[in-house]
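Q: I'd like a close look at how oppositely charged side chains pair up in this protein. Please take it slowly and show me what surrounds those pairs.

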Amino acid sequence: RSEPETGADQLTIHKLHRTDKADLQLFSTLAATKARFVEFRNSGETFVGMRLPLSSQFGLEADLYVAAPLSDFNSAAYDALTYTLSITLVLTLVVLVLGTVIARAIARPICSAATAMKKVAELDLEHPVTTGTTHLSEIEMLNRSLGVMHRALSGFSKYLPRDLVRDLMQLGLPIELGGSRREITVLMTDIVGFSRTMEAADNDQLIEDLADYFDVISTTIHECGGTVDKFIGDAVMAFWGAPRSDEAHAQHACDAVITIAARLDDFNESRLALGKPAFETRFALHSGDAFVGNVGARDRFGYTALGDVVNTVSRLEKLGKAFGVQAIVSRDVAHRTRSQHKFRCLGEVRPEGKSNRIGAMELVLCSSGRPSTFGQDVKRPGMVELS
């Protein structure tokens, strides 16, 4: 290349091994611009050209022009891209497989722990916690803590009415002192002649027998929608209508008494067959308003019912002995059952410590047919059905 005095660039080709249209177009394109790289098309194909100044390397006042089809670059890039994508795909599959294996190894014990936690939260404490094995120290620590918590709650649940706690949790009631007035039906039970039974029985065996006896009563009360309030020696106090509202609380209480009596017939037959005395049980029911809620000290309280209805049912239970009946109920209970059960009128009575008289009635039980010791010397009026 020479630069005439006119200042116009003039292209001189000294030697070309191959002169075709692409070469000539490259020269003319680069000669017309000062750009280092150019792109042009020739014969339907795209070329990339480059200007390489030789002055800095060889001291020559000349430029080297190089061109190549764009497809040559694309082919190499495509091959490189294909190779890269293949490697990436293989690595991705390996990572996915390893990730799945690791995730399952981590998720399996976590899911087991979550299932066990859900059972503990629902106070389902009948079976030991099973969380599986894991090599992860953090999850293993979680499993051990869960096992300790399960054992602790299982122990505490023996002192607390588990069904009641579960109901309170499900209803979202605050675990604090206080409550509300409710219309409820209260049950009081008592074992006839229990003092004599205690005198003749072995203490350890008596505890076992009472546990079986209370299991029958508390299980039936729960099945019939009731709440066991407390065990008082050989007596049981329970109520219907709280913490869950129950418009048919009197009917459900009568259902429970009838079912308990039938189950205790079978229970006592088994005891008599073993030469043990029967646990003859009296029942008393009364309906009315009561304060129901958490009562006690601030750091230790219980869910219970307070009010005249509780005092009255306790005195009714004693009147049942005087009348010689197994199940005595107030007229308030009988009227609330809406003719679902049969009753016998016992008359108007004034419970001890009460100024007002109340109607007393006998709830007719469907027993197993075993001869009963109740009411042998009492003349009872005929059966009545209340509407």
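A: Let's start with a word we'll need: a residue is buried when its relative accessible area is under 20%, exposed when it is over 50%, and partly exposed in between. Also keep in mind that this is a predicted model.

Now to the charges. Side chains of opposite charge can pair when their charged atoms come close. A search of the whole structure turns up nine salt bridges. We'll go through three of them, beginning with the one that sits in a network.

Arg282 and Asp190 meet through their side chains in a salt bridge, with 3.2 Å from N to O. This pair links distant parts of the chain: Arg282 belongs to strand 7 (residues 281-297) and Asp190 to strand 4, and they are 92 residues apart. Are these two partners buried or exposed? Asp190 has 18% relative accessibility, which is under the 20% cut-off, so Asp190 counts as buried. Arg282 has a relative accessible area of 9%, so Arg282 is buried too. The story has a third member: Asp190, Arg282 and Glu317 are linked in a network of salt bridges.

Strand 4 shows up again in the next pair. The side chains of Arg336 and Glu183 form a salt bridge at 3.1 Å, N to O. Arg336 is in helix 10 (residues 331-336) and Glu183 is in strand 4 (residues 178-191), so this bridge ties together parts that are 153 residues apart in sequence. How covered are these two? Arg336 has 30% relative accessibility, and because that falls between 20% and 50%, Arg336 counts as partly exposed. Glu183, at 37%, counts as partly exposed as well.

The third pair is Arg344 and Glu362, whose side chains meet in a salt bridge at 3.8 Å, N to O. Arg344 sits in strand 10 (residues 343-349) and Glu362 in strand 11 (residues 358-363), 18 residues apart, and this pair too is described as linking distant parts of the chain. Here the two partners fall into separate classes: Arg344, at 22% relative accessibility, counts as partly exposed, whereas Glu362 is buried with a relative accessible area of 8%.

So what lies around strand 4 and strand 7? Have a look at helix 7 (residues 203-223). Helix 7 has 21 residues and reaches 30 Å from its first C-alpha to its last, close to the 30 Å expected at 1.5 Å a residue. Its buried residues pack against strand 4 and strand 7, and also against helix 6 (194-200), strand 5 (227-232), strand 6 and helix 8. Which residues of helix 7 are buried? They are Leu206, Asp209, Leu210, Tyr213, Phe214, Val216, Ile217, Ser218, Thr220 and Ile221. Here's a handy rule for reading a list like that: an α-helix has 3.6 residues a turn, so residues three or four places apart point the same way. Just past the end, helix 7 is followed by Gly225, which has a positive phi near 85°.

Two of helix 7's neighbours, strand 6 and helix 8, have something odd between them. Pro243 is in the loop from strand 6 (235-240) to helix 8 (249-273), and a cis peptide bond with omega of about -5° joins Ala242 to Pro243.

Let's zoom out for context. The protein has 10 helices and 12 strands, and buried residues make up 36% of its 387 residues. Among contacts with a separation of 6 or more, 61% are between residues 24 or more positions apart.

One last thing is how far to trust the picture. The mean pLDDT is 80, and 82% of the residues reach 70 or more. The score stays under 50 over residues 1-19, and likewise over residues 368-387. Where pLDDT is low, the predicted coordinates should not be read in detail.

Methods. Residues numbered from 1 in each chain as written. Heavy atoms only, no water. Helix = DSSP H or I, 4+ residues; strand = E, 2+ residues; numbered from the N terminus. Buried < 20%, exposed > 50% of the residue type's maximum accessible area, 1.4 Å probe, protein only. Contact = heavy atoms within 4.5 Å. Salt bridge = Lys/Arg side-chain N within 4 Å of Asp/Glu carboxyl O. Expected span 1.5 Å × (residues − 1). pLDDT = per-residue confidence, 0-100.
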